[in-house]
Amino acid sequence: MDAPALDGTAPRRNRRKVSRKNYDENAMDDLIEKQLGGNSKKKYRTKQDLEKETETEALIALSVGFPIDELLEEEIRAGVVRELGGKEQNDYIVVRNHIVARWRSNVGVWLLKDQIRETVSSDFEHLISAAYDFLLFNGYINFGVSPLFAPYIPEEGTEGSVIVVGAGLAGLAAARQLLSFGFKVLVLEGRSRPGGRVYTQKMGDKDRFAAVELGGSVITGLHANPLGVLARQLSIPLHKVRDNCPLYNSEGALVDKVADSNVEFGFNKLLDKVTEVREMMEGAAKKISLGEVLETLRVLYGVAKDSEERKLFDWHLANLEYANAGCLSNLSAAYWDQDDPYEMGGDHCFLAGGNWRLINALAEGVPIIYGKSVDTIKYGDGGVEVISGSHIFQADMILCTVPLGVLKKRSIKFEPELPRRKQAAIDRLGFGLLNKVAMLFPSVFWGDELDTFGCLNESSINRGEFFLFYAYHTVSGGPALVALVAGEAAQRFECTEPSVLLHRVLKKLRGIYGPKGVVVPDPIQTVCTRWGSDPLSYGSYSHVRVGSSGVDYDILAESVSNRLFFAGEATTRQHPATMHGAYLSGLREASQILHVANYFRTNPKKPVQRYSGVNMNVLEDLFKRPDIATGKLSFVFNPLTEDLKSFGLVRVCFDNFEDDPTNRLQLYSILSREQANKIQELDESSNESKLSCLMNTLGLKLMGANSVLDTGGALISVIANARRGRSRTHVVAGQCIIP
C-alpha cells in the first residue's frame with residue numbers, strides 16, 4: 001500500500017534566513033523619523049500628511065502588538081473609551097498609535113503628556129489622557145534603563161511596599177517599574193548575582209575575556225521586543241544570527257543540501273499534519289504526546305525511511321526539543337505550539353558583549369539583597385511576610401518570580417497554601433531542560449562566517465547531544481563556542497563527569513574539522529551547565545506538557561488575595577520560554593500591583609486601629625534626630641527613662657542614602673536599650689555585622705513603616721510625646737502604658 005502524499009509547498013519552522021550584516025538598532029530611529037517626518041506641529045501638516053502618518057503609526061503600533069482596528073482586552077478592562085466600536089474608539093486608537101510611535105521614535109527620552117498635546121488637537125484631551133495613562137502604567141512607553149528617565153522617577157515611595165522574590169528578568173523589570181510608580185521595593189535574590197537563568201559567563205583572564213551565555217542567549221525577534229528597546233537605550237549593537245547553518249553527519253561530512261531540504265520539508269509537513277490530526281481528535285488529543293503523533297505520522301507517510309534520512313529527521317526532532325526544553329514524549333500534541341500566534345517578528349540576535357549588560361543595567365539602583373533564598377511566604381489581609389533563614393521581611397504585597405521548577409519542588413512554603421487551582425496548574429505544566437558546554441579556544445578554527453552549525457548523531461536516543469553549536473566570536477570578545485544538549489541527552493548530561501562530556505564534544509568537533517585539515521586545539525577553558533540540579537531553578541524553561549494547556553500559564557499568573565503576585569516566563573501564555581516573556585511578565589505584574597494599590601486607596605477597608613497622632617510623619621520626625629546613629633542603623637528612645645529594659649526603635653537603611661536622602665529603603669524593629677548597646681559595641685564593625693547581630697544574635701524582626709506603625713504605635717506615641725515634653729504616659733518595667 002502506498003503511503004499518503006504530503007501535499008503543500010511551503011516548508012514550516014525551517015532555519016531563519018537573514019542577512020549577514022550586523023543589526024544596527026539606530027536604523028529603527030532613522031526609519032521612524034523618516035516615516036513620521038520628525039516632530040512637526042499639527043498646523044503645518046496637510047490632510048494627506050496626516051493620513052500617511054496615521055497609517056505609518058498604525059503599522060508601528062501593530063509591530064508592538066496592538067491590533068489595527070481593535071482594542072486590547074486590557075484596554076477594554078481599563079475602560080479607555082465610554083462606548084466600544086464607535087467613533088470614540090476609532091479616535092482613541094489613532095491617538096494611542098500616535099503616542100506609541102512617538103515614544104518608539106526615541107526610546108531614550110521620557111515622553112510627556114504635554115508633548116502629545118502639541119501634536120494632537122485639544123478636542124481629544126480625554127483620549128490623550130486615557131491612552132497615555134494606559135500605555136504608561138502598562139509598560140508600553142517610558143520603560144527601561146535610559147539614564148534620562150531619572151528625573152521622572154519619584155524620589156520617595158508613597159504607594160506602598162513590595163517585596164520581589166527573584167532578581168531575574170521578571171523581578172528586575174517589575175522592581176524598576178514599581179520604583180517608577182512610587183513604591184518602596186526590596187528584591188530578595190538567592191544567588192550572589194542578578195539575572196537568574198540569564199547568566200553570562202566571562203571566560204579567559206581579567207584583561208581579555210569572552211562573554212558566553214550559559215542561560216538565556218538569543219533575543220528571539222526584535223519587533224515589539226522590550227529587550228531590543230533596552231539595547232537601544234544602552235546603545236548596545238545587536239548581531240543578527242545568520243542563517244548559514246551547515247549540518248554535518250556523524251562521520252564529519254557535510255550533509256547533502258538536497259537531502260537536508262527534503263527531510264526538512266517532510267518534517268514541517270508532518271507538523272502540519274499534527275494540527276489536522278488534533279482537530280479531528282478534538283479533546284482526546286490532550287492525552288497524547290507530540291512525539292507519539294509525529295512518529296505515527298512519520299511511519300504512515302514514509303518520511304525518513306533510510307538510516308541517513310532518519311539521522312537528519314532526528315536532528316530536527318532535537319531542535320524541536322531544544323525550542324521547548326522538553327522531550328517530545330512529554331509535549332502535548334494538542335497545545336505544544338499554543339504560543340505560535342504571538343511570536344515576535346523580526347531578526348533573532350545576539351547582544352554584543354553578552355546579556356549581562358542588560359541585567360546589570362536593570363539591577364542598577366534597585367535595592368537587592370543577595371544570598372537570600374526564601375523559605376516561607378505568608379500573606380493575608382494585613383500584608384505579607386517573607387522568611388529567609390532567620391530573617392523576616394514584611395511589606396504590603398509580594399511578587400514571586402521564582403522559576404516553575406522551584407514551585408514544582410515545593411521549595412517555598414506558602415501560608416496559607418496556594419489555591420488548589422494554582423497548585424494543579426503548577427503540577428500540570430512542564431519544566432524542561434537544556435544544557436550547554438561552553439568552550440573558549442585559542443582561535444576561531446570553525447571560520448568567521450558561521451554563527452551556528454549542526455551535527456547529526458548516530459542513534460535516536462542521543463539525538464540531542466551536541467546537535468547544535470553557537471559561535472560567539474562575533475559578539476563575545478573571544479573565540480568562544482557553545483554546544484547545546486537537549487531532550488533526553490540533557491537529562492543524562494546532568495550526571496556525567498565534565499571530563500567525559502568534554503572528550504565527547506571535542507571528538508565530534510575533530511571529526512568535522514580534522515578531515516578538512518583543520519586542527520581543533522584543546523580549549524583554554526570549559527564550563528558545563530547543570531540547570532536541572534540547580535536548587536534555584538531545577539530546570540531551564542517551561543513547556544505545555546501532556547494534560548496541560550495554555551490556560552495553565554494564565555492560572556500561574558493569577559494573583560492571590562490581592563497580596564501575592566506571580567511573574568516569570570512560566571506565567572505568560574503568549575511568550576513562554578523566552579527572555580522577553582519574562583521581562584514582559586514583570587511589567588504586567590507591576591501594573592497589576594499598582595491597580596490593586598489604587599483600589600485599596602479608593603476602597604479602603606475598616607482602618608487598622610492606631611494610636612491618636614501617630615502616622616508616617618511622626619515616625620520620620622523621630623529619626624531626624626536619632627539618639628544613636630551607627631553606620632546605617634539609627635535608634636530612638638524615650639528620653640524620660642534610662643532603664644536598660646525600656647524599649648525604643650531602630651531604623652535600618654539598606655542603601656547609601658547619604659547621596660540621596662529621599663530615595664532609600666527603610667525597615668524598622670522594636671528593641672530594648674540593652675540590645676541597642678550590644679549593637680553599638682560593634683561600632684568599628686561593618687554594617688553587615690551589625691545587621692547580622694540585630695537579626696541573628698538578638699533575633700529581632702524587621703518590618704516596614706506601616707507594620708511598625710501598627711504594632712508599635714503606642715511606643716511611637718510615647719517617645720514623640722516625651723520629646724515634646726507633653727507626655728501623658730508613664731513607663732513601668734519597660735512596658736508602654738496608655739492611661
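## Helix α21 and its surroundings

The buried residues of helix α21 are covered by a set of elements that includes the strands β12 (391-395), β23 (628-630), β24 (633-637) and β25 (647-653), together with helix α20 (673-680). This description rests on a predicted model. Helix α21 itself comprises residues 687-697, and its buried residues are K690, L691, C693, L694 and M695. After α21 comes G699, a residue with a positive phi near 70°.

## Strand β12 and its hairpin

Strand β12, one of the elements that cover α21, is itself mostly covered, with four of its five residues buried. Its partner is strand β11, formed by residues 383-388; the two strands run antiparallel and are joined by five bridges. One of the pairings links V384 to A395, the latter being in β12.

Strands β11 and β12 form a hairpin with two residues between the strands. In this hairpin, G389 adopts a positive phi near 65°.

## Helix α2

Helix α2 consists of 18 residues, from 47 to 64. At 1.5 Å a residue these should span 26 Å, and the end C-alpha atoms of α2 are indeed 26 Å apart, so the expected and the modelled spans agree.

Which residues of α2 are buried? They are E53, T56, E57, A58, I60, A61 and V64. The helix is followed by G65, which has a positive phi near 120°.

## Aromatic pairs and an aromatic cluster

How many aromatic pairs does a search of the whole structure find? The search finds 24. In the pair of F441 and F445, the ring centres are 5.0 Å apart and the planes meet at 85°; because an angle over 60 degrees counts as edge-to-face, the pair is assigned to that class. Both of these phenylalanines are buried.

F441 and F445 also belong to one aromatic cluster, whose other members are Y248, W446, F453, F469 and Y513.

## Charges over aromatic rings

Charged side chains are also placed over aromatic rings. The charged end of R193 lies over the ring of Y199, at 3.9 Å from the ring centre. A lysine is found in such an arrangement as well: the charged end of K202 sits over the ring of W356, 4.2 Å from its centre.

Note on methods:
Residues numbered from 1 in each chain as written. Predicted model: local features only at pLDDT ≥ 70, side-chain atom pairs only at ≥ 80, totals over all residues. Heavy atoms only, no water. Phe/Tyr/Trp six-rings, centres within 6.5 Å; stacked < 30°, edge-to-face > 60°. Buried < 20%, exposed > 50% of the residue type's maximum accessible area, 1.4 Å probe, protein only. Lys NZ or Arg CZ within 6 Å of the ring centre and 35° of its normal. Contact = heavy atoms within 4.5 Å. Pairing = 2+ DSSP bridges. Expected span 1.5 Å × (residues − 1).
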